[in-house]
Amino acid sequence: INAEYGRLSCSMLRLNPKALRAMVPSARFYSQHADGQPYFDKIMVANRGEIACRVFETAQKLGIETVAVYSEPDARGKHVRMADQAVCVGPAASAQSYLDMDKIIDAAKSTGAQAIHPGYGFLSENAEFAQRLSDEGIEFIGPNAHAINAMGDKIESMRLAQEAGVSTAPRYDGEVHDVDHAIAIAKDIDYPIIMKASSGGGGKGMRVAWNEEELIEGFKLARDEALSSFGDNRMLIQHFVCPFDGRHIEIQLIGDKHGNVLTLPERECSIQRRNQKVVEEAPSVLLSPETRAKMQAQAAQLAKACGYHSAGTVEFLADNDENFYFLEMNTRLQVEHPVTELITGLDLVELMFHVSAGNPIPQELLATDWSNPENMRGWAIESRVYAEDPTRDFLPSVGLLTRYVEPSDVVEGVRCDSGVLDGSEISMYYDPMICKLCTHGDTRDEAVDRMVEALDSYVIEGVRHNIPLLYDIVDSPEFRSGALTTTFIEKKYPEGFQSTLSNQDGQTLASIAALLHHANTQRKAAFGPGSGSLAGGRRVASPTHDIIMTSDNTEIQHAVEVKASDATELMVSVDGGDPVCISSEYKAASPIIKATLDSVPTVAQFVKETVTGYQLQFHGALWDVKVLSPAQSSAMVHMPVIPELDLSMLVVAPISGTIKSVSVAPGDTVAPGQEVAVLEAMKMHNVLRANSAGVVKAVHFGSDDVVNADDFIIELEA
């Protein structure tokens with residue numbers, strides 16, 4: 001253990017080339033000295049979390065020494081443990097650490113790093129940072145300052161795109177000064193409109209408005225988010241094309257310093273919420289080879305128009321007739337780059353090293369027709385796993401990962417890009433992403449099936465997460481058929497997402513619970529060899545049970561009878577139906593329950609035993625499962641019901657964070673749904689609203705105060 005940083009030796013976490021080849025299947029590894037220019041001896045990553053880990057993995061594969069930077073809360077982070085050296089650059093606030101150029105540059109100089117990879121977010125699209133590195137003789141593993149200014153600024157990039165012959169949507173050509181100016185623009189170009197931070201990305205500083213009321217509220221929130229995340233609150237407004245059937249399609253490209261541009265197959269990122277991508281895939285089911293080639297040609301034209309080198313992504317909005325319109329260009333490596341790597345066999349981070357060192361893109365890649373499906377390697381899907389609660393409007397969840405096991409060892413074709421370990425903390429200060437979970441298959445159906453199994457097998461305990469939503473999306477008929485739009489989530493869940501089960505899935509979970517209870521009864525009755533196995537120990541006859549399963553606001557009940565058939569299988573009858581054969585090799589020490597019901601495989605997770613039964617995870621959702629005898633079930637109706645706390649006259653912090661503004665004072669009269677405060681958590685601004693009409697009795701917190709989840713922010717009285 002390193003006493004100064006409290007971190008493990010990097011060799012304990014360093015992946016060897018064989019492991020990296022498994023992560024990026026069949027990758028083409030170029031010599032460090034390909035085409036003349038050597039790569040770097042030491043690089044630094046000016047970022048944190050999974051993207052820092054991802055860059056370190058490629059650097060380690062190439063034998064390049066690595067330097068991490070970290071804020072005080074990240075001192076024990078996975079990326080710090082992976083690096084050869086690590087430098088603390090300040091406190092939790094990004095402006096005083098990861099966004100502080102002086103500290104980042106000083107860290108590079110003090111460690112002798114020859115180049116800096118910015119990852120995504122933070123300083124990745126900051127032209128001033130790129131220029132300062134150039135002035136200091138430190139290579140920026142990204143585009144030059146001119147290209148970042150041209151393409152990173154969405155206002156300027158729209159102008160350049162139009163000049164380069166790229167299809168664009170109606171917009172206001174210039175900077176939006178204030179909300180009144182925004183209202184005037186919207187009337188001119190017509191609703192719906194989309195407001196974007198000119199220097200933004202990742203869905204931050206972005207709002208869609210369908211009317212003036214939504215514009216007024218959204219404009220302020222978008223500007224505040226943009227300033228907080230990017231240090232720039234300039235806004236772009238354009239007409240929101242394809243509002244109902246739009247599909248988000250993007251082209252990955254790599255440019256070199258010799259004028260070459262390589263365009264790769266598209267990614268589809270239509271599954272979004274709050275303009276942030278949730279599920280991505282490559283390629284898209286929408287595009288024909290001809291449309292793909294047109295998109296690639298326009299992306300290349302745009303890159304060449306601004307002298308672009310390094311990795312970049314040109315994003316388009318398309319309709320179901322394959323018409324498409326330019327959205328923006330991201331001058332960095334995208335979050336969703338793994339799906340492109342999986343279907344091309346390329347290591348995009350290595351290609352970034354390659355071109356930054358001055359090498360031309362290998363001719364074999366430039367000569368490949370990447371619009372031709374025959375040059376693609378199957379299908380890949382990425383699910384962004386976040387510490388957030390999809391049943392509570394995606395509120396972030398903070399805390400320790402008390403148990404964390406990725407499914408890459410138990411499901412074929414799985415890749416996990418994560419920045420956490422068992423015991424890591426999900427902090428209120430940064431983005432709540434846990435992992436980018438990717439699956440790869442020869443066909444889309446195979447990739448989807450593997451994703452479903454991987455989500456069921458992903459063990460995350462200690463925080464709420466969005467796996468129930470991800471599972472429900474990818475296993476839905478709409479997703480499986482490829483009927484994707486950017487409004488997929490809001491259309492599928494118009495009242496918000498809630499965990500529920502079909503009758504068949506409910507019976508499956510009840511059967512698993514009965515199976516688990518039968519094994520537990522056996523184990524307690526017989527402490528002999530194999531007592532931890534479903535098949536081990538002395539058999540005990542199990543009576544009929546009422547199994548009551550509860551998740552959030554959903555309750556399901558089934559009557560189950562379990563009969564032992566032999567040493568390895570049970571016969572289970574649910575609700576008096578025909579018996580089904582259920583078997584499993586589950587061991588008591590494992591969280592994963594892999595069972596087979598009449599030859600149909602299914603997966604659940606054992607979380608813990610409770611007083612009346614078990615806590616199980618099924619299809620990503622946490623279920624409290626009561627296993628009751630008929631007598632116990634009858635008695636339950638006589639148990640007193642604990643009344644819920646009335647919070648109608650309180651405004652409660654839904655998550656730990658920082659109060660950005662309070663818009664009411666004691667004595668003010670408020671209406672239901674009225675904004676009373678804004679809470680910032682994990683880089684997102686959350687509007688807090690009054691639950692009921694009333695008069696403000698007390699305001700307990702003010703601007704810049706740090707609050708904990710469930711703190712009372714404001715009290716009302718009738």
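Trainee: Which residues do ring pairs link into a cluster?

Mentor: Tyr98, Phe122, Tyr429 and Tyr430. This is a predicted model.

Trainee: What makes two rings a pair?

Mentor: Their centres must lie within 6.5 Å. By this rule there are nine aromatic pairs. One of them joins phenylalanine 316 and phenylalanine 324, with 5.2 Å from centre to centre and 80 degrees between the planes.

Trainee: Why is the pair of phenylalanine 316 and phenylalanine 324 called edge-to-face?

Mentor: Planes over 60 degrees apart count as edge-to-face. These planes make 80 degrees, so the name applies. Both phenylalanine 316 and phenylalanine 324 are buried.

Trainee: What makes arginine 444 lie over the face of phenylalanine 479?

Mentor: The CZ atom of Arg must be within 6 Å of the ring centre and within 35 degrees of the ring normal. Arginine 444 is at 4.7 Å from the ring centre of phenylalanine 479 and lies over its face.

Trainee: Now the cores. Which residues have the most contacts inside the largest nonpolar core?

Mentor: Ile43, Met44, Ile104, Ile116, Phe129 and Phe353, in a core of 67 residues. Take isoleucine 104. Leaving aside neighbours within four places in sequence, isoleucine 104 touches Met44, Ala46, Val69, Val89, Ser97, Tyr98, Ile116, Leu123 and Phe129. Another core, of 40 residues, lies apart from the largest one; among its residues are Trp379, Val411, Tyr471 and Phe497.

Trainee: On to the sheets. Why are strand E35 and strand E37 said to stand at the edges?

Mentor: The sheet is open, with four antiparallel strands in the order E35-E34-E32-E37. Strand E35 (684–689) and strand E37 (706–707) each have a single partner strand, so one side of each has no neighbour in the sheet.

Trainee: How do you know that strand E34 and E35 pair?

Mentor: Pairing needs at least two bridges. Strand E34 (residues 675–681) and E35 have six bridges, in the antiparallel sense. Valine 678 stands opposite valine 687 in E35. Helix H9 (residues 212–230) packs on this sheet and touches strand E32 (657–662), E34 and E35. The direction of H9 makes about 140 degrees with that of E35.

Trainee: Which strands stand at the edges of the sheet ordered E31-E38-E36-E33?

Mentor: That sheet is also open, with four strands in antiparallel pairing. Strand E31 (650–652) and strand E33 (669–670) stand at the edges, because each has a single partner strand. Strand E36 (residues 694–699) and strand E38 (residues 712–717) pair in the antiparallel sense over four bridges. In E38, glutamate 717 is the bridge partner of valine 695.

Trainee: Why is the peptide bond joining tyrosine 191 and proline 192 worth a look?

Mentor: Most peptide bonds are trans, so a cis one stands out. The bond between tyrosine 191 and proline 192 is cis, with omega about 0 degrees. Proline 192 is in the loop between helix H8 (179–189) and strand E6 (193–197). The bond from alanine 282 to proline 283 is cis too, with omega near -5 degrees. Proline 283 sits in the loop between strand E11 (276–282) and helix H10 (289–305).

Trainee: What is the sign of phi in arginine 274?

Mentor: Positive, near 50 degrees, in a residue other than glycine. Most residues other than glycine have a negative phi. Arginine 274 is in the loop between strand E10 (261–273) and E11. Phenylalanine 394 also has a positive phi, about 65 degrees, and is not a glycine. Its loop runs between strand E15 (388–389) and strand E16 (395–396).

Trainee: How do you know whether arginine 274 and phenylalanine 394 are buried or exposed?

Mentor: Buried means under 20% relative accessible area, exposed over 50%, partly exposed in between. Phenylalanine 394 has 11%, so it is buried. Arginine 274 has 33% relative accessibility, so it counts as partly exposed.

Trainee: What makes helix H11 mostly covered?

Mentor: Eight of its eight residues are buried. Among them are His337, Glu341 and Thr344. Glycine 345 follows H11, with a positive phi near 75 degrees.

Trainee: Why is valine 611 called exposed?

Mentor: The cut-off is over 50%. Valine 611 has 85% relative accessibility, so it counts as exposed. Valine 611 lies in the loop between strand E28 (600–609) and strand E29 (613–618). The C-alpha atoms of valine 611 and leucine 351 are separated by 55 Å, and the two residues are 260 residues apart along the chain.

Note on methods:
Residues are numbered from 1 along each chain as its sequence is written. This is a predicted model: local features need pLDDT of at least 70, side-chain atom pairs count only at pLDDT 80 or more; totals for chains, interfaces and linings use all residues. Side-chain values use heavy atoms; hydrogens and water are left out. Rings of Phe, Tyr and Trp (its six-membered ring) pair if their centres lie within 6.5 Å; planes under 30 degrees apart count as stacked, over 60 as edge-to-face and the rest as tilted. Buried means under 20% relative accessible area, exposed over 50%, partly exposed in between (1.4 Å probe, protein chains only). Helices (H or I, at least four residues) and strands (E, at least two) are DSSP runs, numbered from the N terminus. Contact means heavy atoms within 4.5 Å. Axes are lines fitted to C-alpha atoms, for helices over the stretch in contact, and angles run from 0 to 180 degrees between N-to-C directions. A nonpolar core is a set of buried Ala, Val, Leu, Ile, Met, Phe, Trp, Tyr and Cys residues joined through side-chain atoms within 4.5 Å.
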